[in-house]
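Grab a pencil and have a go at these exercises before peeking at the solutions. Each task comes with a worked answer right below.

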Amino acid sequence: MRNRFSLPKLGYSYNALEPYIDPQTMEIHHSKHHQAYVNNLNKAVAGTPMESMSLEDLLVVAERRGAAVRNNGGGHYNHALFWNIMSAEPDKSPNGKLEDEIKKTFTSVDSLKKLLNNGALTRFGSGWVWLYVTPAKKLAVCSSPNQDNPIMDASKENRGIPILGIDVWEHAYYLKFQNKRGDYLNTIWNVIDWDAVNTNYENALKNPLLKTIEMDAWIALKDFHSVMAQTFHPMEEGNYGPIRARASEMSLKAQMLASSPVPSSFQSKDITKAIKNLVEGSAKLEKLVKKKSKDDKLKESLTKLHDTFHIIQGLCSNEH
Ligand code: MN
């Protein structure tokens, strides 16, 4: 499967955003820069299991997929979003639910714009500034370096789905504004289409990706998962070395999971109970290992623990 990803067509011509953005910048930015991200992303996924994954699935764990996917997958996603929220005939202000939420969170649209411009101005070097929807369905602002964005694991505490992004790489403004990033930022609001941002907001609220991000951002769950995966799967193939070596680590990770803050949308009786069972079950398993119990005892105990763990993961991914 060659060329999994392709350059999206613009909904307007290269000169449509004049006098705010010049046609030469638009043409180079779209047909050269964005095209290069697409080409390099295709190269990075070709012949790997990533070839059949969605762009969002690539980005959620971009940091763990390596620099080529992170930089070029981010570059492709970010620019596609950027072209989409600009228009020659933009809606100049948000409305409806998005407007209410902006006022609730930032007091006014103007203070939100100031916050975004300030994030963009203070971003050292190349990057983006974002308005995004958090897993708790709130609005938030952050900036990120290079081609990172809030979907990515690399974004740490600022995670969610971006609904508005401004490119502050020099390639976005240098021909017309040279080094004057502030002038570019003041100008660009003339072509930002709040109708498109509204649509992005509505779509983000419904997107199951928010749940995936929330689960991925629950570090204690992720830590437990990695010990489970690296001990359970070898055991299934008859290798008991990993679980004998790591049973006390697993027990510790279960205790850390139990003391970590549970993300809002995971708070339920079933999950609380499953976490408690993980703590007790992994303490029992640790004892079995210390007593040098036979393989079939360990198998029974670890299999039960694995089922309990998947109650949490299963409940997480099925609940929307
Ligand atoms: Mn760019």
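What follows is a set of exercises on this model, each solved step by step.

This is a predicted model, where local features need pLDDT of at least 70, side-chain atom pairs count only at pLDDT 80 or more, and totals for chains, interfaces and linings use all residues. Residues are numbered from 1 along each chain as its sequence is written, and side-chain values use heavy atoms, with hydrogens and water left out.

**Exercise 1. Get an overview of the chain and its confidence.**

Step 1: start with the secondary structure. The protein chain has 14 helices and three strands; these are DSSP runs, helices being H or I with at least four residues and strands E with at least two, numbered from the N terminus.

Step 2: look at the dimensions. The C-alpha trace spans about 75 × 45 × 30 Å along its principal axes.

Step 3: check burial. Of the 320 residues, 49% are buried (buried is under 20% relative accessible area, exposed over 50%, partly exposed in between, with a 1.4 Å probe and protein chains only).

Step 4: ask how far the contacts reach. Taking contacts (heavy atoms within 4.5 Å) between residues at least 6 apart in sequence, 72% join residues at least 24 apart.

Step 5: check the confidence. The mean pLDDT is 94, and 97% of residues reach 70 or more; pLDDT is the predictor's confidence in each residue, from 0 to 100. Watch residues 316-320, though: the pLDDT there is below 50, and the stretch has eight contacts in the model beyond near neighbours in sequence.

**Exercise 2. Work out which residues hold the manganese ion and where two of them sit.**

Step 1: list the donors. His29 (NE2), His79 (NE2), Asp167 (OD) and His171 (NE2) are the protein donors, lying 1.9 to 2.1 Å from the manganese ion. Donors here are N, O and S atoms within 2.8 Å of the metal (3.2 Å for Na, K and Ca), and water is not among the atoms, so sites may look incomplete.

Step 2: write the spacing. In sequence the donor residues read H-x49-H-x87-D-x3-H.

Step 3: place a pair of them. His29 is in helix H1 (residues 23-45) and Asp167 in strand S3 (residues 161-167), so this pair, 138 residues apart, links distant parts of the chain.

Step 4: buried or exposed? Both His29 and Asp167 are buried.

**Exercise 3. Describe how H12 and H13 pack, then place Asp295.**

Step 1: take the geometry. Helix H12 (residues 241-259) and helix H13 (residues 269-290) pack at about 155°, their axes 8 Å apart. Axes are lines fitted to C-alpha atoms, for helices over the stretch in contact, and angles run from 0 to 180 degrees between N-to-C directions.

Step 2: classify it. H12 and H13 are therefore roughly antiparallel (under 35 degrees counts as roughly parallel, over 145 as roughly antiparallel, 65 to 115 as roughly perpendicular and the rest as oblique).

Step 3: find the residues that meet. Among them are Ile243, Arg244, Ala247 and Met250 in H12, and Ile275, Leu278, Val279 and Leu285 in H13.

Step 4: move on to Asp295, which is in helix H14 (residues 295-318). Leaving out residues up to four places away in sequence, Asp295 touches Tyr240 and Arg244. At 37% relative accessibility, Asp295 counts as partly exposed. From Trp218, Asp295 is 77 residues away in sequence and 32 Å away in space, C-alpha to C-alpha.

**Exercise 4. Explain how Glu101 fits into the H5–H9 contact.**

Step 1: locate the residue. Glu101 lies in helix H5 (residues 96-106).

Step 2: compare the axes. H5 and helix H9 (residues 194-206) come within 9 Å and cross at roughly 85°, which makes H5 roughly perpendicular to H9. Lys97, Leu98, Glu101 and Ile102 of H5 make the contact with H9 residues including Trp194, Val197 and Tyr201.

Step 3: look at Glu101 itself. At 11% relative accessibility, Glu101 counts as buried. Not counting residues up to four places away in sequence, Glu101 touches Lys137, Leu139 and Tyr201.

**Exercise 5. Pick out the backbone oddities.**

Step 1: find the cis bond. The peptide bond from Glu18 to Pro19 is cis, with omega near 0°, and Pro19 belongs to the segment before H1.

Step 2: look for positive phi outside glycine. Asn146 has a phi of about 55°, and Lys156 has one of about 50°.

Step 3: place both. Asn146 is in the loop between strand S2 (139-145) and S3, and Lys156 is also found in the loop between S2 and S3.

Step 4: check accessibility. Asn146 is partly exposed at 40%, and Lys156 is partly exposed at 48%.
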